[in-house]
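Colleague: Please pick a single part of this chain and take a close look at it with me. I'd like to see how that one spot fits into the whole thing.

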Amino acid sequence: MGGGGSGVGRVRQGVGLTDEEKARLKKKIDFIIQTFKKVDANPTTELKYRNAYELVVATILSAQCTDRRVNAITPALFQRYPTVESLARATPEEVYEYIKTCSYPNNKAKYLVAMARKVVQEFGGRIPERARDLMRLPGVGRKSAHVIAATLYGEPVIGVDTHVFRVTRRLGLHRMRHPHQVERLLMELVPEGDRPRFHHWLILHGRYVCKARNPDCGRCLLTEICEEYKRRVQKEGDG
Ligand code: SF4
């Protein structure tokens, strides 16, 4: 109902949006969701894992490293340390030998062992299910915790990584500077049921189509709502 009179259309909400802005962005979000649903109804991570423990380990390894490299490393690592308990008994030096071909192996070996020990000591050997608990594990930041909780348990949260940040900015969903601002915006705009998939759609889109250096707009299904595309077409016309 009303909500306070004639200025209602201009009321700024949680992330500083007017009602009109929010409605316009929601339309865009809806277009993005419907478009991706048609081509890939169930997107997920490209990291290979068989259970929660393996996804947490693979996610820690994937920071600043490609999923392909992580997937090449993890089979031998999981064979040697098949459970969180076995990893908790290892030393970082031992783990290092299995992960030395990924980026920052020293730090990641320390994180992996510390993560496993914390899970054993504070969570009874079970990987926690909620993002806010996952965030307490060494090597698991906010973005990773959200991705893990959304992927494994469908928690309605969104992880904003470099791809999600870049693609949403190019599409004209925001002009923000920090991932946590974008996360708040998307949490307000993306329907709960679509949040776990939304993150994966944008990551895959950023990885394979809307690439950082050279977006492949010719293969993109989002041109009609994309601000960056409009700019590029206009520039070509002016040139
Ligand atoms: S139209 Fe181009 S810039 Fe826009 S989202 Fe698609 S690939 Fe990215």
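Modeller: Let's start with contacts across the chain, keeping in mind that this is a predicted model. If you take the contacts between residues at least 6 apart in sequence, 59% of them join residues at least 24 apart. The chain has 239 residues, and buried ones make up 35% of them. As for the overall build, you'll find 12 helices and 0 strands, and the C-alpha trace spans about 65 × 50 × 30 Å along its principal axes.

Now for our spot: Pro 196, which sits in helix α11, covering residues 195-208. Is Pro 196 buried or exposed? Just count: it has 24 other C-beta atoms within 10 Å, and the cut-off for buried is 20 or more, so Pro 196 counts as buried.

Who are its partners? Skip the neighbours within four places in sequence, and Pro 196 is in contact with Ala 150, Thr 151, Gly 154 and Pro 156. Don't expect every residue to end up beside it, though: Arg 50 is 146 residues away along the chain, and its C-alpha atom is 19 Å from that of Pro 196.

Those partners get interesting once you bring in the domains. The assignment gives domain 1 as 14-43 + 158-238 and domain 2 as 52-153. Pro 196 falls in domain 1, while Ala 150 and Thr 151 fall in domain 2. The centres of the two domains, taken over C-alpha atoms, are 29 Å apart. Where they touch, 8 residues of domain 1 are in contact with 6 residues of domain 2. Our helix α11 gives the most to the domain 1 side, with 3 residues. Sort that side by class and you get 4 nonpolar, 2 polar and 2 charged residues.

One more stop while we're in this part of the sequence: the ligand. There are 14 residues around it, and the ones that come nearest are Cys 210, Cys 217, Cys 220, Cys 226 and Tyr 229. Two elements give two or more residues to this shell, namely α9 (162-171) and α12 (227-238). Of these, α9 gives the most, with 3 residues. By class, the shell has 10 nonpolar, 1 polar and 3 charged residues.

So, back to where we began: Pro 196 is a buried residue in α11, and α11 is the element that gives the most to the side of domain 1 touching domain 2.

Technical notes
Residues numbered from 1 in each chain as written. Predicted model: local features only at pLDDT ≥ 70, side-chain atom pairs only at ≥ 80, totals over all residues. Helix = DSSP H or I, 4+ residues; strand = E, 2+ residues; numbered from the N terminus. Buried ≥ 20, exposed ≤ 12 C-beta atoms within 10 Å, placed from the backbone. Contact = placed C-beta atoms within 7 Å. Domains from an automatic or database assignment. Nonpolar A, V, L, I, M, F, W, Y, C, P; charged D, E, K, R; others polar. Near = placed C-beta within 6 Å.
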